[in-house]
Amino acid sequence: MPTFKAIIRKDDRKQDGTWNVKIRVTQNRESVFISTPFYVDQSQITRGYKIKDAAIISQTEKKIAEYRDMIVEIGFGVEDMNVRQIVNALE
């Protein structure tokens, strides 16, 4: 079963000082990142580059819940899919 987590990648800082929030999808120790329309700046993250802004967390949790519902619809077949196939099915 794939796992989902909202993250920022510290190496992906834009010139304006913001980071794009991504949803990491992991299946069988392989990860793919799905971009979101959300951006955070230094004040919205911790020193460990974790998101601390409640509004961003809330919005990404809603999207992750949607993804989980879609996985449930796929059913047991998801276990035979690699992470790329899962992300393609979600998008």
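In the predicted model, Arg24 has Phe33 of β3 as its bridge partner. This bridge belongs to a region in which β2 and β3 are paired in the antiparallel sense, with 8 bridges between them. In general, the strands of a sheet pair through backbone hydrogen bonds, in either a parallel or an antiparallel arrangement. Here, 3 strands make up an open sheet, ordered β1-β2-β3, with antiparallel pairing. β1 (residues 3-7) and β3 form the edges, each pairing on one side only. From one strand to the next, the twist averages 20°.

Two helices are placed against this sheet. α1 lies across β1, β2 and β3, and runs at about 160° to β1. α2 likewise lies across β1, β2 and β3, with an angle of about 120° to β2.

The largest nonpolar core comprises 14 residues, of which Phe4, Val25, Tyr67, Ile71, Ile86 and Leu90 touch the most other members. At least two residues of this core are supplied by each of β2 (19-27), β3 (30-40), α1 (54-74) and α2 (83-90). The largest share is that of α2, which provides 4 residues. The surroundings of Phe4 illustrate the packing in detail. When residues up to four places away in sequence are not counted, Phe4 touches Ile23, Arg24, Val25, Ile64, Tyr67, Arg68, Ile71 and Leu90. The contacts of Phe4 thus include Arg24, the residue whose bridge partner in β3 is Phe33. Apart from the largest core lies another, made up of 7 residues, including Ile8, Trp19, Val40 and Ile56.

Backbone geometry was also examined in the loops. Most residues other than glycine have a negative phi. Asn28 has a phi near 50°, a positive value in a residue other than glycine. Asn28 is located in the loop between β2 and β3. With a relative accessible area of 58%, Asn28 is classed as exposed because its value is over 50%. A second residue of this kind is Tyr49, for which phi is near 60°, again positive in a residue other than glycine. Tyr49 is located in the loop between β3 and α1. The relative accessible area of Tyr49 is 31%, and Tyr49 is therefore partly exposed, the value being neither under 20% nor over 50%.

Terms used
Residues numbered from 1 in each chain as written. Predicted model: local features only at pLDDT ≥ 70, side-chain atom pairs only at ≥ 80, totals over all residues. Heavy atoms only, no water. Core = buried A, V, L, I, M, F, W, Y, C linked by side-chain atoms within 4.5 Å. Buried < 20%, exposed > 50% of the residue type's maximum accessible area, 1.4 Å probe, protein only. Contact = heavy atoms within 4.5 Å. Pairing = 2+ DSSP bridges. Axes fitted to C-alpha atoms, helices over the stretch in contact; angles between N-to-C directions.
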